[in-house]
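Biologist: I have a new chain on my screen, and I would like to go through it with you. Could you show me how each label is earned?

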Amino acid sequence: MITKVKLLEKEYDVFEIKMSIENKLGEIYESENIIEVSKDQSESNKHIVLFHELVHALFQQTGHSEYDNDEDLIDCIALGIYSLVKNNDFSFMRNKGETK
């Protein structure tokens, strides 16, 4: 799992932790730029949860917090992004020699 992720102009620290609330898979703390992902799940599910939390961040950063409580919508978008990134090579979007 990555430990930092940048979305738009914000960089988030990502931590894998044992969640204190049962059945909680992830959490974002927008004001602290922290994303927590439960370590008690499969690697692929950790990635989906990371994207889920990033969709929350995207809504917050772009002024669309009205969608922030629509967990079904967020799950749908996160799963779609996960599938898109997992199943396709996006290296063409980077400049030659660019690593980030």
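Biologist: How do you know that the span of H1 agrees with its 19 residues?

Modeller: Let me say at the start that this is a predicted model. The expected span is 1.5 Å times one less than the number of residues. For the 19 residues of H1 that gives 27 Å, and the end C-alpha atoms of H1 are 27 Å apart, so the two agree.

Biologist: What comes after H1?

Modeller: Gly63 follows H1, and its phi is positive, near 80°.

Biologist: Happy with that. What is the order of elements from the N terminus on?

Modeller: The chain has two helices and four strands, and they run β-β-β-β-α-α.

Biologist: What makes the chain as compact as a globular protein of that length?

Modeller: For 100 residues the globule rule gives 13 Å, and the radius of gyration of the chain is 14 Å; the two are close, so the chain is as compact as a globular protein of that length. Along the principal axes, its C-alpha atoms fill a box of roughly 45 × 30 × 25 Å. Buried residues make up 28% of the 100 residues. As for the accessible surface, it comes to about 7,000 Å², and 53% of that belongs to carbon and sulfur atoms.

Biologist: Now the sheet. Which strands are called edge strands?

Modeller: The sheet is open and has four strands in the order E1-E2-E4-E3, with mixed pairing. Strand E1 (4-7) and strand E3 (26-29) each pair on one side only, and these are the edge strands. From one strand to the next, the twist averages 25°.

Biologist: And what makes the pairing mixed?

Modeller: In general, strands of a sheet pair through backbone hydrogen bonds, either parallel or antiparallel. Here both kinds turn up. E1 and E2 pair in the antiparallel sense, and E3 and E4 are antiparallel too, whereas E2 and E4 run parallel.

Biologist: How do you know that E2 and E4 count as paired?

Modeller: Pairing takes at least two bridges, and five bridges join E2 to E4. One example is Ile17, whose bridge partner in E4 is Ser38. The antiparallel pairs pass as well: E1 and E2 have four bridges, and four bridges also join E3 to E4. Within these pairs, Lys6 has Glu11 as its partner in E2, Gly26 has Val37 in E4, and Tyr29 stands opposite Ile34.

Biologist: What alternates along E3?

Modeller: The side chains do. Gly26 and Ile28 point to one face and are buried, while Glu27 and Tyr29 point to the other face and are not buried.

Biologist: Two loop residues caught my eye. Where is Leu8, and why is Leu8 called partly exposed?

Modeller: Leu8 is in the loop between E1 and E2, in a hairpin with two residues between the strands. Partly exposed is the range between under 20% and over 50%; Leu8 has a relative accessible area of 45%, so it is partly exposed. Leu8 is not a glycine, yet its phi is positive, about 55°.

Biologist: And why does Asn33 count as partly exposed?

Modeller: By the same cut-offs, buried is under 20%. Asn33 has 23% relative accessibility, so it counts as partly exposed. Asn33 sits in the turn of the hairpin of E3 and E4, which has four residues between the strands, and its phi is positive too, near 60°, in a residue other than glycine.

Biologist: Which residues is Asn33 in contact with, leaving aside neighbours within four places in sequence?

Modeller: Lys10, Glu11, Tyr12 and Asp13. As for Lys4, which is 29 residues away along the chain, its C-alpha atom is separated from that of Asn33 by 9.9 Å.

Biologist: Back to the helix, then. What does H1 lie across, and what do its buried residues pack against?

Modeller: Helix H1 (residues 43-61) lies across E1, E2, E3 and E4, running at about 150° to E4. Its buried residues, among them Val49, Leu50, Phe51, Leu54, Val55 and Phe59, pack against E1, E2, E3, E4 and helix H2 (71-87).

Notes: Residues are numbered from 1 along each chain as its sequence is written. This is a predicted model: local features need pLDDT of at least 70, side-chain atom pairs count only at pLDDT 80 or more; totals for chains, interfaces and linings use all residues. Side-chain values use heavy atoms; hydrogens and water are left out. Axes are lines fitted to C-alpha atoms, for helices over the stretch in contact, and angles run from 0 to 180 degrees between N-to-C directions. Contact means heavy atoms within 4.5 Å. Buried means under 20% relative accessible area, exposed over 50%, partly exposed in between (1.4 Å probe, protein chains only). The radius of gyration is taken over C-alpha atoms; the globule rule is 2.2 Å times the number of residues to the power 0.38. Accessible areas come from the Shrake-Rupley method with a 1.4 Å probe; for residues, only the protein chains shown count as cover.
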